[in-house]
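Open the model in your viewer and keep the sequence panel visible. This tour goes from one selection to the next and says what is found at each stop.

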Amino acid sequence: MTDSEIEITADLVRGLLQEQHPDLAGLAIREVAGGWGNQMWRLGDELAVRMPRMEGAADLLRKECRWLPVLAPRLPLPVPTPVRIGQPSARFPRPWSVMTWVPGEPLDYASISRGDHSADTLAGFLRALHVEAPTEAPTMSDRGAHPKKYTDGFENFLQGIAPGGIAADVRAVRAVWDDAVAAPEWEGPRVWLHGDLHPANVVVSDGTLSGVIDFDAMFAGDPAWDLAAAWVLLPAGAGPRFFEVYAHADEATVRRARGLAAMKSLFLILMGQAGDRGLPGGKPTWGPAGRAALDRVLAA
């Protein structure tokens with residue numbers, strides 16, 4: 001069965017629950033917009049079913065289910081935690097999960113009005129998350145190391161943006177990246193990272209960050225990969241307060257994080273352009289978020 005042949009419907013989700021977790025099968029099921037590697041369905045008021053669309057997403061789901069229960073108890077913000085794990089079957093050939101639902105509006109559909117509170121909240125969350133990871137903690141081949149290893153990716157993102165897609169001076173964007181590449185490497189231990197902090201992976205309530213979702217990219221590595229969120233997520237002017245509260249980022253780490261924020265911003269812009277063209281996987285809401293983040297990077 002190929003990815004395109006798997007149609008994930010409410011009837012399929014309910015059938016899987018009836019087979020494997022019948023005590024949950026009576027709860028209301030409704031689809032959640034968004035998602036990329038996984039399709040999400042609300043299950044009642046407090047749960048969600050996470051269904052991998054692609055084969056690679058199944059491995060990420062297994063990782064999430066393995067490590068989130070270890071990390072979640074010490075994190076100061078709500079995060080989705082696995083409640084049940086569904087097994088591959090004749091109905092659906094991949095593992096799937098039932099997770100707790102994290103209430104709030106995704107930041108690519110909302111905005112932060114309480115900048116200082118959000119800076120404090122994000123800094124506290126990352127301080128709690130960024131502890132030394134065990135030797136068996138996962139790694140990622142496409143992220144987690146020094147920015148110099150990802151210059152080809154940065155250039156591909158920058159070149160891929162349609163003419164007029166960014167108002168910024170391309171030379172200024174490259175200068176930020178070059179500074180990150182020139183920064184010293186991370187010399188501390190590998191720490192736990194969310195690994196994919198962008199506006200669709202955090203939720204907002206009452207004008208401030210209220211939850212962090214989608215941990216399937218989690219890995220251990222250089223904290224700069226998460227600290228890029230100071231520019232990617234927080235409104236203009238909130239970055240200095242964030243780094244003051246986080247308190248563990250030296251100058252080199254901030255330089256690497258700023259360069260990575262530039263690269264992440266370019267990726268968001270590209271995904272937004274794909275969405276505007278109606279291309280598969282495109283996300284129209286990511287474009288404005290990426291352009292705003294890039295403006296913050298260049299203003300820092």
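Two residues are in contact when heavy atoms of theirs lie within 4.5 Å. The model on screen is predicted.

**Stop 1: H9 and H10.** Select helix H9, residues 251-276, and helix H10, residues 286-299. Their axes are 7 Å apart and the packing angle is about 155°. Angles over 145 degrees count as roughly antiparallel, so H9 is roughly antiparallel to H10. The crossing of this pair is left-handed.

Now show the side chains where H9 and H10 meet. On H9, the residues to pick include Arg 258, Ala 261, Leu 266, Phe 267 and Met 271. On H10, they include Trp 286, Gly 290, Arg 291, Leu 294 and Val 297. The residues of this contact divide into 12 nonpolar, 4 polar and 2 charged.

**Stop 2: H5 and H10.** Keep H10 and add helix H5, residues 170-182. The axes of H5 and H10 come within 10 Å and cross at roughly 70°. Because 65 to 115 degrees counts as roughly perpendicular, H5 is roughly perpendicular to H10. This crossing is left-handed. Select Ala 172, Val 173 and Val 176 on H5, then Leu 294, Val 297 and Leu 298 on H10, to see the contact. Its residues are 6 nonpolar, no polar and no charged.

**Stop 3: Ser 118.** Move to helix H3, residues 115-129, and select Ser 118. Is Ser 118 buried or exposed? Ser 118 counts as buried because its relative accessibility is 0%. A polar atom of the Ser 118 side chain lies 3.3 Å from the backbone nitrogen of Leu 209. Leaving aside residues up to four places away in sequence, Ser 118 touches Ile 112, Gly 207, Thr 208, Leu 209 and Leu 234.

Note on methods. Residues numbered from 1 in each chain as written. Predicted model: local features only at pLDDT ≥ 70, side-chain atom pairs only at ≥ 80, totals over all residues. Heavy atoms only, no water. Helix = DSSP H or I, 4+ residues; strand = E, 2+ residues; numbered from the N terminus. Buried < 20%, exposed > 50% of the residue type's maximum accessible area, 1.4 Å probe, protein only. Polar contact = N/O pair within 3.5 Å; in protein donor to acceptor, adjacent residues only side chain to side chain. Axes fitted to C-alpha atoms, helices over the stretch in contact; angles between N-to-C directions. Parallel < 35°, antiparallel > 145°, perpendicular 65-115°, else oblique. Left-handed = near helix turned anticlockwise from the far one by under 90°. Nonpolar A, V, L, I, M, F, W, Y, C, P; charged D, E, K, R; others polar.
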